[in-house]
Amino acid sequence: MKKIAILISGSGSNLEAIAKACFEQRIDGQIKCVISNVPSAFGIQRAKSFGLNAVIVDHSLFKTRDEFDNEIDHVLSKYKIDIVVLAGFMRILGKKITKKYYGKMINLHPSLLPLYPGLDTHAKVLQNRDKNHGISIHYVSSELDAGPIIAQGCISVNKNDTKNDLEKRIHSIEHKLFPKIINDICNEKIYLEDNIVKFSMDKSMQKIYEYYEV
Ligand code: GRF
């Protein structure tokens, strides 16, 4: 069974969705540790409520990004992690660690990449009066929010939507799609080969991922 680490910085609602899926055996993997770079993150409480190992690696205590990354790597190595899941993890990881875990580290980003890498995606969508919004799950590369995309989920933006409305609907799609993708990675139905995402599943399933919608 694949050993999973989940990295968080905040509320951890995705962590909870993944943990639930593991305990209900909808994910064929085991969460070995949850790492938070923010000591007060609510996600730590959520991790503990599932009896998970919660490790704090407070970025503010490290002089350089490299030292912080090395400590994260140290924890991942200690738990012999196979799959690293960034679920609302708000630090940029450097070249060395992203290279080491290339193909084994995935991120959840709240936009339809390549649109809106970086922060404040909901505000940007509203500002530009976009008709659609969504989420992307991608392999992590050394460039911010730019690694190979595995799956995207789409929502329609309604005329009177606020940031809160978008956040709610984005969360609901994340909580459904992310655990499914993690399970398929655990079962090696999704993997990275020569920088290309491969799906060893039937085409109709792959299509559902590409056009996942709520
Ligand atoms: C999610 O919307 C994710 O896309 C973004 O940050 C949010 C984290 O939410 N990167 P949570 O901490 O999982 O509740």
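**Exercise 1. Find which residues of helix 2 (residues 42-49) are buried, and say how they are arranged.**

Step 1. Helix 2 buries Gly43, Ile44, Arg46 and Ala47. Buried means under 20% relative accessible area, exposed over 50%, and partly exposed in between (1.4 Å probe, protein chains only). Helices (H or I, at least four residues) and strands (E, at least two) are DSSP runs, numbered from the N terminus.

Step 2. Look down the axis of helix 2: the buried residues fit within an arc of 160°, so they line one face of the helix. That arc is taken from the directions from the helix axis to the C-beta atoms.

Step 3. Now flip to the face turned away from the buried side, and you'll meet the exposed residues Lys48 and Ser49.

Step 4. What do the buried residues pack against? Strand 1 (2-8), helix 1 (13-23), strand 2 (29-36) and strand 3 (54-56). Contact here means heavy atoms within 4.5 Å.

Before going on, a word on the model: it is predicted, so local features need pLDDT of at least 70 and side-chain atom pairs count only at pLDDT 80 or more, while totals for chains, interfaces and linings use all residues. Residues are numbered from 1 along each chain as its sequence is written, and side-chain values use heavy atoms, leaving out hydrogens and water.

**Exercise 2. Work out whether Val75 is buried or exposed, and list its contacts.**

Step 1. Place Val75 first: it belongs to helix 3 (residues 65-78).

Step 2. With a relative accessible area of 5%, Val75 is buried.

Step 3. Skip neighbours within four places in sequence, and Val75 is in contact with Cys33, Ile35, Val55 and Val57.

Step 4. Take Ile35: Val75 is 40 residues from Ile35 in sequence, yet their C-alpha atoms are 8.4 Å apart in space.

**Exercise 3. Name the residues that surround the ligand, then pick out polar contacts.**

Step 1. Around the ligand sit Ser11, Gly12, Ser13, Asn14, Gly88, Leu108, Pro110, His171 and Glu174, each with a heavy atom within 4 Å of it.

Step 2. Polar contacts with the ligand are pairs of N or O atoms within 3.5 Å. Gly12 uses a backbone N or O atom, 2.8 Å from a ligand oxygen. Ser13 has a polar side-chain atom 2.5 Å from an oxygen of the ligand. For His171, a side-chain N or O atom is 3.2 Å from a ligand oxygen.

Step 3. How much of the ligand is covered? The protein covers 86% of the 360 Å² of accessible area that the ligand has on its own (Shrake-Rupley method, 1.4 Å probe).

Notes: Polar contact = N/O pair within 3.5 Å; in protein donor to acceptor, adjacent residues only side chain to side chain.
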